[in-house]
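Welcome to this guided tour. Please open your viewer, get the selection tool ready, and follow along stop by stop.

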Amino acid sequence: MNNSPTPQHLYLASSFRGPGVAKMIMTDIEKLLQKSPSDIKISYIITAGNLHPEGARDWIVEGREFLSRRGWQVFDYDIEDKTESEVEQEFADKDVIFVQGGNNFHLLKQMHNCHFAKILRTALSRGVPYIGESAGSIVCANDISAQKFISADASLANELESYQGLGLVNFLIKPHWNRTGIKRAKFSKFLHDSPDDFFSITQPIICLNDNQLVYVEGDRFQIWVGK
């Protein structure tokens with residue numbers, strides 16, 4: 001785990017829409033912040049979905065609906081092409097930061113460009129909880145280079161000058177472990193074609209089903225399972 005004294009509270013999910021996941025996270029954050037749902041302002045970072053067609057970002061739409069139905073005030077925000085000061089200003093009055101899923105390589109590139117890790121650490125230090133879904137969870141690692149081998153879509157991997165993540169945890173999350181279809185087919189093909197690459201990974205990896213999340217408090221973590 002990260003040895004920083006930052007009193008971080010991280011909710012690193014495979015899928016916010018997974019059975020029981022959204023409820024677990026929102027209930028816990030309301031207790032943590034001691035605020036009613038209608039008083040909670042959340043910065044909803046949608047950048048990882050930018051490379052997906054506008055009509056095919058259902059996880060972003062449905063995640064927003066979960067939050068809004070709970071009564072939270074949701075503020076969509078895209079960090080792409082934003083400056084460090086602009087992102088700092090966005091987070092200044094927010095109670096929660098939620099980084100949505102999509103392409104983790106594109107997301108991390110935009111995070112590097114605006115010095116997101118620095119800004120986020122400042123927010124965490126004042127007690128702002130962080131929610132990550134899929135890509136938003138993956139980038140919390142110290143290094144995401146193993147994603148070149150285990151991602152369903154690594155086509156943008158070479159665009160990164162550095163695979164350094166946010167450095168909040170010392171493990172890498174592999175989301176959607178229980179999904180079938182194209183994601184499993186791509187992963188199975190990779191294992192068949194490139195076993196040496198896969199078994200060369202020395203970084204700790206936590207494989208999460210869509211009803212699971214890693215909760216991090218300070219330097220300790222637990223795996224929560226929704227129903």
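**First stop: Asp197**

Select Asp197, which has a relative accessibility of 33% and so counts as partly exposed. Here buried means under 20% relative accessible area, exposed means over 50%, and partly exposed is in between, with a 1.4 Å probe and protein chains only. Asp197 is found in helix 9, residues 195-199. Helices are DSSP runs of H or I with at least four residues, strands are runs of E with at least two, and both are numbered from the N terminus.

Before you travel on, a word on the model: it is predicted, so local features need pLDDT of at least 70 and side-chain atom pairs count only at pLDDT 80 or more, while totals for chains, interfaces and linings use all residues. Residues are numbered from 1 along each chain as its sequence is written, and side-chain values use heavy atoms, with hydrogens and water left out.

Which residues does Asp197 contact, once its neighbours within four places in sequence are left aside? Add Phe149 and Phe190 to your selection to see them. Contact means heavy atoms within 4.5 Å. Now draw a distance line from the C-alpha of Asp197 to that of Glu62: these atoms are separated by 35 Å, and the two residues are 135 apart along the chain.

**Zoom out: the whole chain**

Show the chain as a cartoon and you can look for nine helices and nine strands. The radius of gyration is 17 Å, close to the 17 Å that the globule rule gives for 227 residues, so the chain is as compact as a globular protein of that length. The radius is taken over C-alpha atoms, and the rule is 2.2 Å times the number of residues to the power 0.38. Along its principal axes, the C-alpha trace spans about 50 × 40 × 40 Å.

Switch to a surface view next. The accessible surface comes to about 10600 Å², and 49% of this belongs to carbon and sulfur atoms. Such areas come from the Shrake-Rupley method with a 1.4 Å probe, and for residues only the protein chains shown count as cover. Of the 227 residues, 48% count as buried. Among contacts with a separation of 6 or more, 80% are between residues 24 or more positions apart.

**Inside: the nonpolar cores**

Hide the surface and select Leu12, Ile97, Met111, Phe116, Tyr130, Ile144 and Leu166. These touch the most other members of the largest nonpolar core, which has 47 residues. A nonpolar core is a set of buried Ala, Val, Leu, Ile, Met, Phe, Trp, Tyr and Cys residues joined through side-chain atoms within 4.5 Å. A second, separate core has 22 residues, including Phe16, Ile29, Tyr44 and Ile131. In soluble globular proteins, nonpolar side chains tend to be buried together.

Stay with Ile29 for a moment, in helix 1 (residues 21-33). Is Ile29 buried or exposed? With 0% relative accessibility, Ile29 counts as buried. Beyond residues up to four places away in sequence, Ile29 touches Tyr11, Trp72, Val96, Pro129 and Ile131. The C-alpha atoms of Ile29 and Tyr11 are 9.4 Å apart, with their positions 18 residues apart in sequence.

Next, select Val87 in helix 3, residues 84-91. Val87 is buried, with a relative accessible area of 0%. Outside the residues up to four places away in sequence, Val87 touches Tyr77, Ile79, Lys82, Cys114, Phe116 and Ile119. From C-alpha to C-alpha, Val87 and Cys114 are 7.5 Å apart in space, and they are 27 residues apart in sequence.

**Last stops: three loops**

Find Ser134 in the loop between strand 5 (130-133) and helix 6 (135-138). Ser134 is not a glycine, although its phi is positive at about 55°. Its relative accessibility is 10%, so Ser134 counts as buried.

Now move to His176, in the loop between strand 6 (172-174) and helix 8 (182-193). His176 also has a positive phi, about 60°, although it is not a glycine. The relative accessible area of His176 is 11%, so this residue is buried.

Finish at Asp210, in the loop between strand 7 (205-207) and strand 8 (212-217). At 11% relative accessibility, Asp210 counts as buried. Setting aside neighbours within four places in sequence, the contacts of Asp210 include His176, your previous stop, along with Ser14, Ser15 and Arg179.
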